[in-house]
Amino acid sequence: MASPHAQTVCVMDASSHLGINLVERLLERGYTIHAVIQNHEDLQPFKGYENKNLRIFRSDPFDYQSIMDAIKGCSGLFYTFEPPQDQLNYDESMTEVEVRAAHNVLEACAQTETMAKVVFTSSVTAAIWRENRNTTTADLDEKNWSDTNFCRNFKLWHALSKTVAEKTAWAMAMDRGLNMVSINAGLLTGPDLSIANPYLKGAAEMYEGGVLVTVDVKFLVDAHICVFEDPSTYGRYLCFNHLINRPEDSVKLAQMLVSATPYPQSCEDSRIFQQRISNKKLNKLMVDFTSGIQLKV
């Protein structure tokens, strides 16, 4: 892969919390960015942001030609699905929406001769849900997939959508010969986090099962850039840097989710649940990764 400084990459959707931070970090590292937004209102984070290496594109993941226009000339794509403005709540129908978007984006990448690598943002929820998940002694890792029937039965729509969309993307990548890696992220903490986040459906079970994990945006951004720049990367990478398995951890998370409401500082339940999920694959990869600004040569 060419030097990062010579590369043009696309970030889709650039108006999300992850997307905005990813654009900023990539610009610092010398990339030229095609930042894809869906709506005019999404321009707000980029107003007054003058940088000759940043181009803004309005694109719809359901408009194939607009995707092609946005990724034209790009050697990489960082793809994150953001629900349409009129479908803010995850329900069963969101699965079809997310799958169709993934299919369109991967097909467009396959038709783009300059495309060298796709970083597909998925979720830890695509790996942790299945029957009898607490009966095995092995930690959950990248080899695990959530059971779609289990997700349907318990109305875990976020997990279902992420699982089926990611499987669709992998099938497309293999069929079209695309170089793709996925980042299966924990719950992203930050200003947009609320108790309504669909990731949190089944949070109590995740907590007791030792698989409730979160990630801050800096670590998540670094992980995306690391798997893109390192030519040895392959497959899936579970990405998190906080495990919620102690009462004090759960209280802190609850305070983030209901920040406008006072929350008890202590918890009667003093149990500590064993960690049952591993991100060793990503941590090993990132040992030598240098974050921050990379000087131009």
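How are the axes of α3 and α5 oriented to each other, roughly parallel or roughly perpendicular? The views below take up that question and then turn to a second helix pair, the cores and single residues.

The model is predicted, with local features requiring pLDDT of at least 70 and side-chain atom pairs counted only at pLDDT 80 or more, whereas totals for chains, interfaces and linings use all residues. Residues are numbered from 1 along each chain as its sequence is written, and side-chain values use heavy atoms, with hydrogens and water left out.

**View 1. Packing of helix α3 against helix α5 (residues 157–176).** The two axes come within 8 Å and cross at roughly 20°, and α3 and α5 are therefore roughly parallel to each other (angles under 35 degrees count as roughly parallel, over 145 as roughly antiparallel, 65 to 115 as roughly perpendicular and the rest as oblique). Helices here are DSSP runs of H or I with at least four residues, strands are runs of E with at least two, and both are numbered from the N terminus; axes are lines fitted to C-alpha atoms, for helices over the stretch in contact, with angles running from 0 to 180 degrees between N-to-C directions. The crossing of α3 with α5 is right-handed, that is, the near helix is turned clockwise from the far one by less than a right angle. Among the residues making the contact (heavy atoms within 4.5 Å) are M94, V99, A102 and L106 of α3 and W157, L160, A165 and M172 of α5. By class, the residues of this contact divide into 12 nonpolar, four polar and five charged, where Ala, Val, Leu, Ile, Met, Phe, Trp, Tyr, Cys and Pro count as nonpolar, Asp, Glu, Lys and Arg as charged, and the others, Gly among them, as polar.

**View 2. Packing of helix α2 (residues 64–71) against helix α3 (residues 92–110).** This pair packs at an angle of about 50°, with axes 9 Å apart, and α2 and α3 are therefore oblique to each other. Their crossing is right-handed. On the α2 side, Y64, I67, M68 and I71 meet N104, V105, E107, A108 and C109 of α3, and the residues of this contact divide into seven nonpolar, one polar and one charged.

**View 3. The largest nonpolar core, with 59 residues.** A nonpolar core is a set of buried Ala, Val, Leu, Ile, Met, Phe, Trp, Tyr and Cys residues joined through side-chain atoms within 4.5 Å, buried meaning under 20% relative accessible area, exposed over 50% and partly exposed in between, for a 1.4 Å probe and protein chains only. The residues with the most contacts inside this core are M12, I71, L77, L106 and I277, and α3 gives the most to it, with eight residues. Apart from it lies another core of 36 residues, including I33, V217, F219 and C239.

**View 4. Surroundings of M180 in strand β6 (residues 180–185).** M180 is buried, with a relative accessible area of 4%. Leaving aside residues up to four places away in sequence, M180 touches L106, V118, F120, A169, W170, A173 and G235. M180 and Y234, 54 residues apart in sequence, have a C-alpha to C-alpha separation of 7.3 Å.

**View 5. Surroundings of C151 in helix α4 (residues 148–153).** At 0% relative accessibility, C151 counts as buried. With residues up to four places away in sequence not counted, C151 touches W129, S146, L156, A159 and L160.
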